[in-house]
Amino acid sequence: MIRPIVLYGAPVLRQKASPVSPEDPELPRLIQDLWDTMYNADGVGLAAPQIGVSKKVFVVDARQLQSPEEEPFKGVFINPKILSTDPVCAPYEEGCLSIPGIRERIYRPVGVEVEYLDENLVLQRRHFTGIVARVIQHEYDHLIGQLFIDYLSPLKRQLLRRRLKEITAGQVEAPYPLQYVGRAH
Ligand code: ZN
């Protein structure tokens with residue numbers, strides 16, 4: 001089911017998400033809703049807090065952005081842990097479905113080692129690189145209440161202040177359903 005995406009300013013985007021029990025009867029539906037909502041919004045990743053569910057689950061399908069030499073990857077991450085990150089960082093222009101209309105260059109480690117349960121509840125430990133490593137880090141941040149704009153310099157954030165205020169006030173449109181949970185920030 002396509003669910004509305006929670007906008008910047010909603011408290012759930014700043015909360016630390018809770019671990020999920022693999023036996024949680026809601027889990028299969030949550031994962032399906034994340035896929036439906038992500039594809040409907042033409043996104044490459046979506047975390048449960050972005051549909052208002054403060055649980056440690058996100059989905060990634062960045063195949064449309066992967067280069068031909070990369071192994072195509074699509075996957076579900078349940079209770080993920082980032083075990084280590086590569087020492088080298090690189091810039092990439094990121095956006096976020098919860099912060100429509102803002103794209104900024106963000107530096108992140110080029111690789112990441114993650115432990116997680118996959119969609120079959122099998123424990124995985126994998127090293128990711130390229131765009132997949134980028135999306136994983138962005139989505140993982142959503143589970144700890146962090147957003148990509150937090151990495152911007154104070155000057156850059158100052159320049160975005162008005163736009164962020166508009167989003168917080170729900171004065172924003174996007175080609176997918178939005179959920180405005182208004183709150184002063
Ligand atoms: Zn995001």
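**Exercise 1. The zinc site and helix 2**

His138 and His142 sit four residues apart, about one turn of the helix, and both belong to helix 2; working on this predicted model, establish which atoms are the protein donors of the zinc ion and how the donor residues are spaced in sequence.

*Solution.* Begin with the geometry of helices in general: an α-helix has 3.6 residues a turn, so residues three or four places apart point the same way. The protein donors of the zinc ion are then found to be NE2 of His138, NE2 of His142 and SG of Cys96, at 2.1 to 2.3 Å from the ion. Written along the sequence, the spacing of these donor residues is C-x41-H-x3-H.

**Exercise 2. The surroundings of the two histidines**

Decide whether His138 and His142 are buried or exposed, and state which residues each of them touches beyond its sequence neighbours.

*Solution.* Since buried means under 20% relative accessible area, His138 at 7% is buried, and His142 at 1% is buried as well. Not counting residues up to four places away, His138 touches Glu94, Gly95, Cys96, Arg108 and Phe148. With the corresponding neighbours left aside, His142 is in contact with Leu13, Gln15, Ala47, Pro49, Gln50, Cys96 and Leu147. Cys96, a donor of the zinc ion, thus appears in both lists.

**Exercise 3. The span and cover of helix 2**

Compare the expected span of helix 2 with the separation of its end C-alpha atoms, and state how many of its residues are buried.

*Solution.* Helix 2 covers residues 130–143. Because its 14 residues, at 1.5 Å a residue, should span 20 Å, the 21 Å between its end C-alpha atoms agrees with expectation. The helix is mostly covered, with 13 of its 14 residues buried. Just after helix 2, Gly145 takes a positive phi of about 80°.

**Exercise 4. The largest pocket**

Give the volume of the largest pocket, and determine which element gives the largest share of its lining.

*Solution.* The volume of the largest pocket is about 500 Å³. Its lining is made by 27 residues, of which Val44, Gly95, Cys96, Leu97 and Arg103 are the closest to the pocket centre. Two or more lining residues come from each of strand 5 (89–94) and helix 2, and helix 2 gives the largest share, six residues. By character, the lining divides into 13 nonpolar, eight polar and six charged residues.

**Exercise 5. Arg108**

Locate Arg108 among the secondary-structure elements, and describe its accessibility and contacts.

*Solution.* Arg108 is placed in strand 6 (residues 104–109), where its relative accessible area of 3% means that it is buried. Beyond its neighbours within four places in sequence, its contacts include Glu94, Arg134, Gln137, His138, Asp141 and Tyr151. Arg108 and Gln32, by contrast, are 76 residues apart in sequence and 29 Å apart in space, C-alpha to C-alpha.

**Exercise 6. Positive phi outside glycine**

For Asp42 and Leu121, state the phi values, the loops in which they lie and their accessibility.

*Solution.* The general background is that most residues other than glycine have a negative phi. Asp42, although not a glycine, has a positive phi of about 60°; its place is in the loop between helix 1 (27–40) and strand 2 (45–47), and its relative accessible area of 56% makes it exposed. Leu121 has a positive phi near 65° and lies in the loop between strand 7 (111–117) and strand 8 (123–129), where, at 38% relative accessibility, Leu121 counts as partly exposed.

Methods:
Residues are numbered from 1 along each chain as its sequence is written. This is a predicted model: local features need pLDDT of at least 70, side-chain atom pairs count only at pLDDT 80 or more; totals for chains, interfaces and linings use all residues. Side-chain values use heavy atoms; hydrogens and water are left out. Buried means under 20% relative accessible area, exposed over 50%, partly exposed in between (1.4 Å probe, protein chains only). Contact means heavy atoms within 4.5 Å. Donors are N, O and S atoms within 2.8 Å of the metal (3.2 Å for Na, K and Ca); water is not among the atoms, so sites may look incomplete. The expected span of a helix is 1.5 Å times one less than its number of residues. On a 1 Å grid over the protein atoms alone, a cavity is a set of points where a 1.4 Å probe fits but cannot get out, and a pocket is an open set with protein on both sides within 12 Å along at least five of seven lines; lining residues have an atom within 4 Å of a point. Grid points are joined across faces, edges and corners, and a volume is the space filled by probe spheres set on the points. Ala, Val, Leu, Ile, Met, Phe, Trp, Tyr, Cys and Pro count as nonpolar, Asp, Glu, Lys and Arg as charged, and the others, Gly among them, as polar.
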